[in-house]
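Me: Please take a close look at a single part of the model shown below and set it in the context of its surroundings. I would like one connected account rather than a list.

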Amino acid sequence: QQATEGAAKAAITSDYTLINQPSLPVAGYSKMSRQALSDSAELARSVEATIRHRVMAQLSVLLATGGTNFTGGFNALATDWTSTAYDRLPDAVSECLAGMQVIGMNPDTVVMHPTTWAGIVTAQDDVQAYLSGSYLGTLDMQMRGLKVVLSTGVAVGKAIVIDCTQVEL
């Protein structure tokens with residue numbers, strides 16, 4: 001009986017499309033004196049500053065807008081979408097999240113410009129209470145359950161909603 005029922009059910013298979021994407025080398029350099037090179041703490045500090053500031057800033061722009069081996073970046077890969085129901089970005093992100101879930105995706109990250117995020121977390125209601133919570137409290141880097149990633153490569157006032165199972169860095 002079980003074999004008959006199993007054979008009668010439609011099989012669901014995944015449709016895989018091969019993506020060929022060359023790697024993107026990202027590097028930075030820092031000028032140092034011989035004295036700094038011989039001091040491991042100074043060397044580590046210089047490398048850390050280079051990676052955090054220069055490389056990550058360039059990587060942010062590269063991922064958003066593309067480069068030699070990644071034409072257009074995420075901005076070109078993303079589907080433009082404008083909410084007709086909501087004016088506020090967090091509400092529009094929620095609407096986008098629902099739309100992506102309807103087509104079978106599971107978004108978990110929203111990427112936006114740092115000044116856009118600042119505008120969201122400092123928004124106030126009519127009695128000047130912060131909508132994001134306590135005035136001096138710790139702000140979680142989350143919006144409606146999505147992890148928030150800040151990138152200067154995303155236009156101010158815009159957001160990119162991503163299902164991270166579909167991308168790799």
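**The cysteines, the sheet and what surrounds them**

Reply: Cys164 counts as partly exposed, at 33% relative accessibility. This value, like the others below, comes from a predicted model. Cys96, by contrast, is buried, with a relative accessible area of 18%; the class follows because buried means under 20%. What keeps these two cysteines from being bonded to each other? The cysteine sulfur closest to that of Cys164 belongs to Cys96 and is 13 Å away, which is too far for a bond. A disulfide would need the two sulfur atoms to lie within 2.5 Å. The structure accordingly holds zero disulfides, and Cys96 is in none, its nearest cysteine sulfur being that of Cys164.

The part that merits the closest look is strand 3, together with the sheet to which it belongs. Four strands make up an open sheet of mixed pairing, in the order 4-5-3-6. Its edges are strand 4 (142-143) and strand 6, each of which pairs on one side only. Strand 3 stands between strand 5 and strand 6 in that order, and the sense of pairing differs on its two sides: with strand 5 (residues 146-150) it is parallel, over four bridges, whereas with strand 6 (residues 159-162) it is antiparallel, again over four bridges.

The individual bridge partners give the register. On the parallel side, Thr109 is matched with Lys147 of strand 5. On the antiparallel side, Val110 has Val161 of strand 6 as its bridge partner, and Met112 stands opposite Ala159. The side chains of strand 3 (residues 109-112) alternate: Thr109 and Val111 point one way, Val110 and Met112 the other. Are these residues buried or exposed? Both pairs are buried.

Two residues that share a direction, Val110 and Met112, also belong to the largest nonpolar core, which has 13 residues. Those touching the most other members are Val93, Val110, Met112, Trp117, Met143, Leu146 and Val161. Val110 and Val161, already paired as bridge partners, thus both appear among these members. Helix 5, strand 3, helix 6 (114-121) and strand 5 each supply at least two residues of this core, and helix 5 gives the most, with four. Such a grouping agrees with a general tendency: in soluble globular proteins, nonpolar side chains tend to be buried together.

Strand 6 and helix 5 carry the description on to the largest pocket, whose volume is about 1700 Å³. Among the elements giving two or more residues to its lining are helix 3 (40-65), strand 2 (70-71) and helix 4 (73-77), along with helix 5 (89-102) and strand 6. Helix 5 has the largest share here, five residues. The lining consists of 43 residues, and nearest the centre of the pocket lie Phe74, Leu77, Ala78, Ile160 and Ile162. What is the chemical character of this lining? It divides into 27 nonpolar, ten polar and six charged residues.

Helix 3, one of the contributors to that lining, also holds Met56. Met56 is partly exposed, with a relative accessible area of 43%. Its C-alpha lies 28 Å from that of Leu136, a residue 80 positions apart from it in sequence.

Technical notes: Residues numbered from 1 in each chain as written. Predicted model: local features only at pLDDT ≥ 70, side-chain atom pairs only at ≥ 80, totals over all residues. Heavy atoms only, no water. Buried < 20%, exposed > 50% of the residue type's maximum accessible area, 1.4 Å probe, protein only. Pairing = 2+ DSSP bridges. 1 Å grid on protein atoms, 1.4 Å probe; cavity = no way out; pocket = protein on both sides within 12 Å on 5 of 7 lines; lining within 4 Å. Points joined across faces, edges and corners; volume = space filled by probe spheres on them. Nonpolar A, V, L, I, M, F, W, Y, C, P; charged D, E, K, R; others polar. Core = buried A, V, L, I, M, F, W, Y, C linked by side-chain atoms within 4.5 Å.
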